[in-house]
Amino acid sequence: MARSRAVMSIYDQPMWKSIDAGKWQLQQCDGCGAYRYPPGPVCDKCLSMDSTWRDLSGRGKVLSWVVFHRKYLSDYEPPYNAVAVQLAEGPIVVTNLIGPEPEGGWIGRDVEICYEPDAEGHTIPRVKLAN
Ligand SMILES: [Zn+2]
């Protein structure tokens with residue numbers, strides 16, 4: 001059975017290190033200020049190769065969501081959700097909402113990043129409803 005695991009490239013390593021430290025960082029373009037996700041060598045907005053790693057605010061909003069009722073991965077027992085979250089800094093990430101589910105609709109709900117260990121001791125960023 002497949003296991004979910006971080007796919008690691010040379011551009012991903014600083015990001016996953018920051019996540020392991022409990023403070024997710026992404027590259028902010030030195031040319032136009034856009035945040036890059038996934039990490040990479042070039043800004044997709046202005047093509048600048050210069051960037052600086054910056055802490056994320058930890059805030060975002062739910063753009064879309066789904067609940068899976070079938071088992072696809074051994075470490076995800078159904079039912080479980082997946083949410084697309086637009087970070088306050090702009091990038092869209094896909095993760096899981098933990099804790100209480102939203103009442104009265106998921107889309108547009110404010111969430112905050114939280115960090116959870118996986119079965120192998122790595123840290124996975126997830127989100128929970130913001131207070
Ligand atoms: Zn740029």
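**Exercise 1. Determine whether Ile19 is buried or exposed, and which residues it touches.**

Solution. Ile19 has a relative accessibility of 0% and therefore counts as buried, where buried means under 20% relative accessible area, exposed over 50%, and partly exposed in between, with a 1.4 Å probe and protein chains only. The structure is a predicted model, in which local features need pLDDT of at least 70 and side-chain atom pairs count only at pLDDT 80 or more, while totals for chains, interfaces and linings use all residues. Residues are numbered from 1 along each chain as its sequence is written, and side-chain values use heavy atoms, with hydrogens and water left out.

The next step is to place Ile19, which lies in helix 1; helices (H or I, at least four residues) and strands (E, at least two) are DSSP runs, numbered from the N terminus. Leaving aside neighbours within four places in sequence, Ile19 is in contact with Trp24, Tyr115, Thr123 and Pro125, contact meaning heavy atoms within 4.5 Å. Of these partners, Tyr115 is 96 residues from Ile19 in sequence, yet the two C-alpha atoms are 7.6 Å apart in space.

**Exercise 2. Classify the ring pair formed by Trp24 and Tyr37.**

Solution. A pair of aromatic rings is described by the distance of the centres and the angle of the planes. Rings of Phe, Tyr and Trp (its six-membered ring) pair if their centres lie within 6.5 Å, and planes under 30 degrees apart count as stacked, over 60 as edge-to-face and the rest as tilted. By this rule the count comes to five aromatic pairs. For Trp24 and Tyr37 the centres are 6.3 Å apart and the planes stand at 75°, so the pair is edge-to-face. This pair links distant parts of the chain, since Trp24 is in the loop between helix 1 (13-20) and strand 1, whereas Tyr37, 13 residues apart from it, is in the loop between strand 2 (35-36) and strand 3 (51-55). Trp24 is buried at a relative accessible area of 6%, while Tyr37 is partly exposed at 34%. Elsewhere, Phe68, Tyr72, Tyr76 and Tyr80 form one aromatic cluster.

**Exercise 3. Work out which residues coordinate the zinc ion, and what arrangement the donor atoms make.**

Solution. Donors are N, O and S atoms within 2.8 Å of the metal (3.2 Å for Na, K and Ca), and water is not among the atoms, so sites may look incomplete. Here the SG atoms of Cys29, Cys32, Cys43 and Cys46 coordinate the zinc ion at 2.3 to 2.4 Å. Four donors count as tetrahedral if all angles lie between 85 and 135 degrees; the angles around the zinc ion are 100 to 114°, and the arrangement is therefore tetrahedral. Along the chain, the donors follow the spacing C-x2-C-x10-C-x2-C. Among them, Cys32 in the loop between strand 1 and strand 2 and Cys46 in the loop between strand 2 and strand 3 are 14 residues apart, and this pair links distant parts of the chain. Cys32 is partly exposed at 41% relative accessibility, and Cys46 is partly exposed at 35%.

**Exercise 4. Establish the strand order of the open sheet, and locate Gln28.**

Solution. Two strands pair if DSSP finds at least two bridges between them. Three strands form an open sheet in the order 2-1-3 with antiparallel pairing, and the edge strands are strand 2 and strand 3, each pairing on one side only. Strand 1 and strand 3 are joined by five bridges, with Leu26 opposite Arg54 in strand 3. Gln28 is in strand 1 (residues 25-29) and counts as buried at 18% relative accessibility. Its side chain reaches the backbone oxygen of Gly33 at 3.0 Å.

**Exercise 5. Describe how strand 7 pairs with strand 4 and with strand 8.**

Solution. Three bridges join strand 4 (residues 59-68) to strand 7 (residues 110-117), and the two run antiparallel; Lys61 stands opposite Asp110 in strand 7. Strand 7 also pairs with strand 8 (residues 123-129) in the antiparallel sense, over seven bridges, with Val111 opposite Leu129 and Cys114 opposite Arg126. Strand 7 and strand 8 form a hairpin with five residues between them, and Gly121 in the turn has a positive phi of about 85°. As for accessibility, six of the seven residues of strand 8 are buried.

Terms used. A polar contact is a pair of N or O atoms within 3.5 Å; within protein, one must be able to donate a hydrogen and the other to accept it, and residues adjacent in sequence count only if both atoms are side-chain atoms. Four donors count as tetrahedral if all angles lie between 85 and 135 degrees; four count as square planar and six as octahedral if opposite donors are over 155 degrees apart and all others between 65 and 115; anything else is irregular.
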